Amino acid sequence: MPAVSVVDASNLKSGQDEIYLEGGLADYSLTLDNSGNITLTRNVIVNDENVTEQVTVASGGNVATNDLVIFADQQLQTQALKEQYLN
């Protein structure tokens, strides 16, 4: 996903999908919505402007929604991201 994109990838289904992000894991804040979806947000400076990048992914509650988020410095399945947030 290019920097400063806003993407809802929470309903991809059909097995494990790969979502590529340009920042490292520590660059993103993580929240859960009422449906349990994970939203990753970071601020990026583009042309001297602060712009928000946001991606929403499923929480990994089953095989079809346990996607792989690939950061610049590591990769985690969405279920592991949710567990990290809850702990």
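1. In this note, two residues are said to touch when heavy atoms of theirs lie within 4.5 Å of each other. The structure discussed here is a predicted model. With that meaning of contact, and leaving aside residues up to four places away in sequence, Phe71 touches Leu21, Gly23, Gly24, Leu25, Tyr28, Leu40 and Leu81.

2. Several of these names return in the nonpolar core. The largest such core has 14 residues. Those with the most contacts inside it are Leu21, Leu40, Val57, Val69, Phe71 and Leu81. Strands β4 and β5 each supply at least two residues of this core.

3. The first sheet to examine is open and consists of four strands, in the order β1-β5-β4-β3, with mixed pairing. At its edges are β1, residues 6-9, and β3, residues 29-32, each of which pairs on one side only. From one strand to the next, the twist averages 20 degrees.

4. Within this sheet, strand β4 (residues 38-46) and strand β5 (residues 49-57) run antiparallel and are joined by nine bridges. Two of the pairs may be located by name: Leu40 has Val55 of β5 as its bridge partner, and Ile45 has Asn50 of β5. The two strands form a hairpin with two residues between them. In the turn, Asn47 has a positive phi of about 50 degrees.

5. Strand β5 also pairs with β1. Here the two strands run parallel and are joined by four bridges. The bridge partner of Ala9 in β5 is Val57, a residue that also appears among those with the most contacts inside the largest nonpolar core.

6. Arg42 deserves separate attention. This residue lies in strand β4. Is Arg42 buried or exposed? The term buried applies under 20% relative accessible area; Arg42 is therefore buried, because its value is 13%. Its side chain makes a polar contact with the side chain of Tyr28, at 3.3 Å. The C-alpha atoms of Arg42 and Gln54 are separated by 6.7 Å, although these residues are twelve places apart along the chain.

7. A further open sheet has three strands in the order β2-β6-β7, again with mixed pairing. Strands β2 (18-20) and β7 (75-77) stand at the edges; each has a single partner strand, so one side of each is left without a neighbour in the sheet. The twist in this sheet averages 20 degrees from one strand to the next.

8. In the three-stranded sheet, β6 (residues 68-70) pairs with β7 in the antiparallel sense over three bridges. Val69 stands opposite Leu76 in β7. Val69 is also one of the residues with the most contacts inside the largest nonpolar core.

9. Which strands of the four-stranded sheet does helix α1 touch? The helix, residues 78-86, packs on that sheet and touches β3, β4 and β5. Its direction makes about 90 degrees with that of β3. Helix α1 also lies across β6 and β7, where it runs at about 90 degrees to β7.

Terms used:
Residues numbered from 1 in each chain as written. Predicted model: local features only at pLDDT ≥ 70, side-chain atom pairs only at ≥ 80, totals over all residues. Heavy atoms only, no water. Pairing = 2+ DSSP bridges. Axes fitted to C-alpha atoms, helices over the stretch in contact; angles between N-to-C directions. Buried < 20%, exposed > 50% of the residue type's maximum accessible area, 1.4 Å probe, protein only. Polar contact = N/O pair within 3.5 Å; in protein donor to acceptor, adjacent residues only side chain to side chain. Core = buried A, V, L, I, M, F, W, Y, C linked by side-chain atoms within 4.5 Å.
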